[in-house]
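Q: Please take a close look at a single part of this model and follow its side-chain contacts outward. Give the cut-off behind each term where it comes up.

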Amino acid sequence: MLIKEQKEDAILTINKWVETIIIGLNLCPFAKTPLQKNEIKFVVANEKNMKSFIEFFVDEILFLEENTTIETTLIIIPAFGNMEQFQTFTRFCEETIQLNEWTSQYQIVSFHPFMRFDGFEHDSPRNLTAMAPFPILHILRTPSVENLGAVLSKDVQIENDKKLQKMTKKEMLALWTKVVS
């Protein structure tokens with residue numbers, strides 16, 4: 001179990017990750033405004049077992065249901081450093097969304113320190129769109145994603161790929177150092 005200071009440090013690190021990498025590189029054109037408006041909830045899940053983590057996830061969905069001024073939630077889960085555990089948890093959360101018929105309201109995106117894309121080197125900057133300093137489950141409001149996606153005149157994934165293809169490994173390491181220091 002994490003103590004209060006460790007939770008606060010995890011939130012600060014993830015906030016710095018969002019500012020430096022996600023917004024700084026414009027990997028998600030939707031992130032800047034909610035961060036500036038304080039509409040992103042950062043929370044650390046510090047549960048003891050998988051059932052408790054799923055209950056925590058459901059509680060966060062219910063929180064979003066009741067708090068419409070919060071646009072999105074980043075659940076930071078330091079306990080899931082093991083990629084297999086994290087993927088199992090993510091699948092359970094996806095199934096929970098489907099079973100509760102929340103697919104029209106919510107969707108999730110996952111990030112993990114060890115997440116890598118097939119076909120790219122382990123330290124390729126192109127992996128930045130999936131990597132985070134801690135395992136994270138990002139809960140998004142589906143209507144917001146669809147509305148924002150409709151006004152974009154470009155494909156975000158293609159733009160990110162072009163941008164990250166030009167980045168050197170040294171530049172990537174400098175960004176990570178800035179985030180975790």
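A: Buried means under 20% relative accessible area, exposed means over 50%, and partly exposed lies in between, with a 1.4 Å probe and protein chains only. The model is predicted, so local features need pLDDT of at least 70 and side-chain atom pairs count only at pLDDT 80 or more, while totals for chains, interfaces and linings use all residues. Residues are numbered from 1 along each chain as its sequence is written, and side-chain values use heavy atoms, with hydrogens and water left out.

The part chosen here is helix α3, residues 50-66; helices (H or I, at least four residues) and strands (E, at least two) are DSSP runs numbered from the N terminus. Take its salt bridge to begin with, a salt bridge being a side-chain nitrogen of Lys or Arg within 4 Å of a carboxyl oxygen of Asp or Glu. K51 is bridged to E55, with 2.8 Å between the closest N and O atoms. Both residues belong to α3 and lie four residues apart, about one turn of the helix. K51 counts as exposed because its relative accessibility is 59%. E55 has a relative accessible area of 39%, so this residue is partly exposed.

F53, also in α3, takes part in ring contacts. Rings of Phe, Tyr and Trp (its six-membered ring) pair if their centres lie within 6.5 Å; planes under 30 degrees apart are stacked, over 60 edge-to-face, and the rest tilted. By this rule there are four aromatic pairs. One of them joins F53 and F89 edge-to-face, with the centres 6.0 Å apart and 70° between the planes. This pair connects distant parts of the chain, since F89 is in helix α4 (residues 83-99), 36 residues away from F53. F53 and F89 are both buried. F89 also pairs with F80, in a tilted arrangement with 5.2 Å from centre to centre and 40° between the planes. F80 is buried because its relative accessibility is 3%, and F89 is buried because its value is 1%. Through these ring pairs F53, F80 and F89 form a cluster.

Another ring contact has a charge on one side. K41 lies over the face of F63, at 3.7 Å from the ring centre; a charge sits over a ring if NZ of Lys or CZ of Arg is within 6 Å of the centre and within 35 degrees of the ring normal. Turning to strand β1 (residues 40-44), four of its five residues are buried, so the strand is largely enclosed by the rest of the structure. β1 runs parallel to strand β2 (residues 72-76), and five bridges join them; strands pair if DSSP finds at least two bridges. Across from K41, in β2, stands T73. From β1 the chain passes through α3 to β2, in a β-α-β crossover that is right-handed, meaning that with the strands pointing away from the viewer the path from the first strand over the helix to the second runs clockwise.

For context, the whole structure holds seven salt bridges. Among them is the one between E8 and K4, at 4.0 Å from N to O. These two residues sit four apart in helix α1 (residues 4-23), so about one helical turn separates them. K4 is exposed at 59% relative accessibility, whereas E8 is partly exposed at 39%.
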